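Q: I'd like to take a close look at one part of this protein with you. Could you walk me through it slowly, starting at one end and working outwards?
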Amino acid sequence: MKIQIINGPNLNLLGRREPGIYGNRAFEDWLQTLRAAYPDVEFGYFQSNIEGELIDMMQQTGFSCDGVVLNAGAYTHTSIALQDCIRSLDAPVIEVHISNVHKREEFRHRSMISCACAGVICGFGLDSYRLAVEALIGIARQKGT
């Protein structure tokens, strides 16, 4: 099974950025934990602060992988372009947020991409990514792949 993880703006600063909200662990460290927990899953990882690069990566991988875990960061709340891209992919996309966006500022309560995703997971810290992987494994099982 192949799963592509895509992180959006400012997520390259995990471990240093607002640790009270996002924790003290860098994503690359968490990714090693995730890979160890799922040795049969091939994980791709990409991070960019640029919306178009996120779209390019989804288009490059979203037709050949079994699923995408997407944390679009602040683009979640603004990007119709990401929504359109997600709708065009063959692979299911799980929207992920580290924090519980519904306990934060009002503008974070609305996602422009949720309607195009297979599901949304938020508020479980970096473990949100593991929960998304479990969801994608479940989707693949339902499809019989």
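Which residue caps the N-terminal end of α4, and which atoms are involved? Please carry on from there to the surroundings of the helix.

A: Happy to! One thing to keep in mind from the start is that this is a predicted model. The cap on the N-terminal end of α4 is S79: one of its side-chain oxygens lies 3.4 Å from the backbone nitrogen of A81.

Now for the helix itself. Its buried residues are L82, Q83, C85 and I86. Looking down the axis of α4, you would find these buried residues within an arc of 165°, so they line one face of the helix. The spacing fits a general rule: an α-helix has 3.6 residues a turn, so residues three or four places apart point the same way.

Let's pause at Q83, which sits in helix α4, spanning residues 80-88. With a relative accessible area of 13%, Q83 falls under the 20% cut-off and therefore counts as buried. If you set aside the neighbours within four places in sequence, Q83 is in contact with M112, I113, C115 and A116.

What lies over the buried residues of α4? The cover includes α3 (51-61), β3 (67-71) and β4 (93-97). Two of these elements also join α4 in a larger arrangement, as β3, α4 and β4 make a right-handed β-α-β unit. Within that unit, β3 and β4 run parallel and are joined by 3 bridges. One residue pair to look for here is L70 with its bridge partner in β4, E95.

Strand β4 deserves a stop of its own. Of its 5 residues, 5 are buried, so β4 is largely enclosed by the rest of the structure. Its side chains are split between two directions: V93, E95 and H97 point one way, while I94 and V96 point the other way, and all are buried.

From β4 you can step on to strand β5 (residues 119-122), which runs parallel to β4 and is joined to it by 4 bridges. Here E95 turns up again, with V120 as its bridge partner in β5. E95 thus has the bridge partner L70 as well as the bridge partner V120, which makes E95 a handy landmark when you follow the strands outwards from α4.

Notes: Residues numbered from 1 in each chain as written. Predicted model: local features only at pLDDT ≥ 70, side-chain atom pairs only at ≥ 80, totals over all residues. Heavy atoms only, no water. Buried < 20%, exposed > 50% of the residue type's maximum accessible area, 1.4 Å probe, protein only. Contact = heavy atoms within 4.5 Å. Arc of directions from axis to C-beta. Polar contact = N/O pair within 3.5 Å; in protein donor to acceptor, adjacent residues only side chain to side chain. Pairing = 2+ DSSP bridges. Right-handed = clockwise from strand over helix to strand, strands pointing away.
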